[in-house]
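Biologist: I'm new to this, so please pick the charged side chains that hold hands and go through them slowly. After that, tell me what else is around them.

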Amino acid sequence: MQLKSQGLLALVASAALLGATSQATAAEGPDWTFVDFGYQYVDFDDFDEEADVLRLGGSYAASDLVHVFAGYRDGSIDTNFGDIDISEFDLGIGVNPQLSDTVDLFGRIGWATADVDFDGFGDADDDGFTVQAGVRAMVTPQWEINGGIRYVDLGDDETELGIGTVYTVSDIVAITGDLGFSNDRTTFGIGVRIYPRRR
């Protein structure tokens, strides 16, 4: 875990440096109004099971400095004892101060909830909070690199380190990819991002 953390921090620092040095080619910083649709594959470290997750989320820029965000994830784990269905939702507010014309830092706080349904054994749910911090950097006008850390307290607390990329393929459509590392799982995600304010 320590090596993963060090590698992630190095990649985030590189993203910030690349974004800061690409101001001549990237005219704008990251766009904070978007909608994401995607798929996530989850590999659990402590037992031989995987999960397939569908994701929906987004962000809305209330001002140049403040945004609100929401996210929903729904997935299932196929085990020898039956399916485990998991759904998670979070909602919150964030700030995104500029480090340069092409690099934004961000901090977020929000409410989170999770529901777990054990096939034939009932279900359980819990509420808690989430705190996030990270950086988004435009390497070119089409290519973004981002990374950060997310802490979630839902009965059991979890800290996840993540890094991602966004590549714009048209005026309003981009392709996304991300990796996440936590204490007990590794995640791989791909998706589509829509920027509704762009023309």
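Modeller: Let's start with the term itself: a salt bridge is a side-chain nitrogen of Lys or Arg within 4 Å of a carboxyl oxygen of Asp or Glu. Keep in mind that this is a predicted model, where local features need pLDDT of at least 70 and side-chain atom pairs count only at pLDDT 80 or more, while totals for chains, interfaces and linings use all residues. Residues are numbered from 1 along each chain as its sequence is written, and side-chain values use heavy atoms, leaving out hydrogens and water.

Searching the whole structure turns up eight salt bridges. Take E88 and R73: their closest N and O atoms sit 3.2 Å apart. E88 belongs to strand β4 and R73 to strand β3 (residues 66-79), so this pair ties together parts 15 residues apart in sequence. Strands here are DSSP runs of E with at least two residues, helices are runs of H or I with at least four, and both are numbered from the N terminus.

How exposed are these two? Some cut-offs help: buried means under 20% relative accessible area, exposed means over 50%, and partly exposed is in between (1.4 Å probe, protein chains only). E88, at 21%, therefore counts as partly exposed. R73, at 17%, counts as buried.

Next comes R150, whose side chain meets that of D90 in a salt bridge (3.2 Å, N to O). This one links distant parts of the chain, with R150 in strand β7 and D90 in strand β4, 60 residues apart. Both R150 and D90 are buried. Now put the pieces together: R73, E88, D90 and R150 are joined into one network by salt bridges that share partners.

R136 and E144 make another salt bridge, at 2.8 Å from N to O, and both are buried too.

Let's follow R150's strand a bit. β7 (residues 143-154) pairs with β8 (residues 156-168) in the antiparallel sense over 12 bridges; two strands pair if DSSP finds at least two bridges between them. G148 has G162 in β8 as its bridge partner. One residue sits between the strands of this hairpin, and G155 takes a positive phi near 80 degrees.

Back in β4 (residues 82-95) you'll also find I93, which is partly exposed at 44% relative accessible area. I93 joins Y60, V68, I109, F129 and V131 in a nonpolar surface patch of about 510 Å². Such patches take residues with over 30% relative accessible area and no salt bridge, joining nonpolar side chains (Val, Leu, Ile, Met, Phe, Trp, Tyr) within 5 Å and like charges within 9 Å. The areas come from the Shrake-Rupley method with a 1.4 Å probe, and for residues only the protein chains shown count as cover.

And the inside? The largest nonpolar core has six residues: V42, F44, A51, V53, I77 and I84. β1 (34-44) and β2 (50-61) each give this core at least two residues. A core is a set of buried Ala, Val, Leu, Ile, Met, Phe, Trp, Tyr and Cys residues joined through side-chain atoms within 4.5 Å.

Stepping back, the protein chain has one helix and 10 strands, and 43% of its 199 residues are buried.
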